[in-house]
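Okay, thanks for coming, everyone. Let me put the structure up, and then I'll walk you through a few parts of it.

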Amino acid sequence: MDNQFTVQQDGNMLSIVLGEQLTTNNAPALMEELNQYKGKGIEKVVFDATKLAYIASSGIRTIIFAKQKLGGNPVIEFVNCGADIRSVFEMTGLQNYISFVSK
């Protein structure tokens, strides 16, 4: 299984396009990728969740990592997040730290 994500930096913003799943199969690879941006002045992390249909606890940990470890308390934005995924964030209380945007 491929990693099902792409990461691109544009100035102080990271854009992450997610695939259909963020699970124990690919979340550690995404966390390792994000680790490269620690201390680099990232102010905003945009997750394109258009295709995302399933997120496991390891995927949720990756989102928390992005919020807490990239430094500077970056804004976390989820674009085109489905209702099922959004409900997972609501159950965990993470919706308070994430902006949900439809495009």
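Which residues in helix α3 are buried? Before I answer, keep in mind that this is a predicted model. So, α3 covers residues 83–92, and the buried ones in it are I85, V88 and F89. If you look down the axis of α3, those buried residues fall within an arc of 95 degrees, so they line one face of the helix. Now turn to the face pointing away from that buried side: there you find the exposed residues A83, D84 and M91.

What covers the buried residues of α3? The cover includes β5 (54–55), α2 (57–69), β6 (75–79) and β7 (98–101). And right after α3 comes G93, with a positive phi, near 85 degrees.

Okay, on to the core. A general point to start with: in soluble globular proteins, nonpolar side chains tend to be buried together. Here, the largest nonpolar core has 29 residues, and the ones touching the most other members are L18, L30, F47, I63, F78 and F89. You've met F89 already, as one of the buried residues of α3. Which elements give two or more residues to this core? Those are β1, β2, α1 (27–35), β4 (44–48), α2, β6 and α3. The largest share, four residues, comes from α2.

Let's zoom in on I63. Leave aside its neighbours within four places in sequence, and I63 is in contact with L22, F47, I55, I76, F78, F89 and I98.

Now the strands. β1 and β2 run antiparallel, joined by six bridges, and F5 stands opposite L18 in β2. Together β1 and β2 make a hairpin with two residues between them. G11 sits in that turn, with a positive phi of about 65 degrees. Is G11 buried or exposed? Exposed, with a relative accessible area of 54%. Pick K67 as a reference point, and G11 is 56 residues from K67 in sequence and 17 Å from K67 in space, C-alpha to C-alpha.

How does β2 run relative to β4, parallel or antiparallel? Parallel, with five bridges joining β2 to β4. One pairing to find on screen is V17, whose bridge partner in β4 is D48.

Last thing, the two faces of β2. The covered face has L14, I16 and L18, while M13, S15 and V17 are on the uncovered one. And L18, remember, is among the core residues that touch the most other members.

That's my tour, thanks.

Note on methods: Residues are numbered from 1 along each chain as its sequence is written. This is a predicted model: local features need pLDDT of at least 70, side-chain atom pairs count only at pLDDT 80 or more; totals for chains, interfaces and linings use all residues. Side-chain values use heavy atoms; hydrogens and water are left out. Buried means under 20% relative accessible area, exposed over 50%, partly exposed in between (1.4 Å probe, protein chains only). The arc is that of the directions from the helix axis to the C-beta atoms. Contact means heavy atoms within 4.5 Å. A nonpolar core is a set of buried Ala, Val, Leu, Ile, Met, Phe, Trp, Tyr and Cys residues joined through side-chain atoms within 4.5 Å. Two strands pair if DSSP finds at least two bridges between them.
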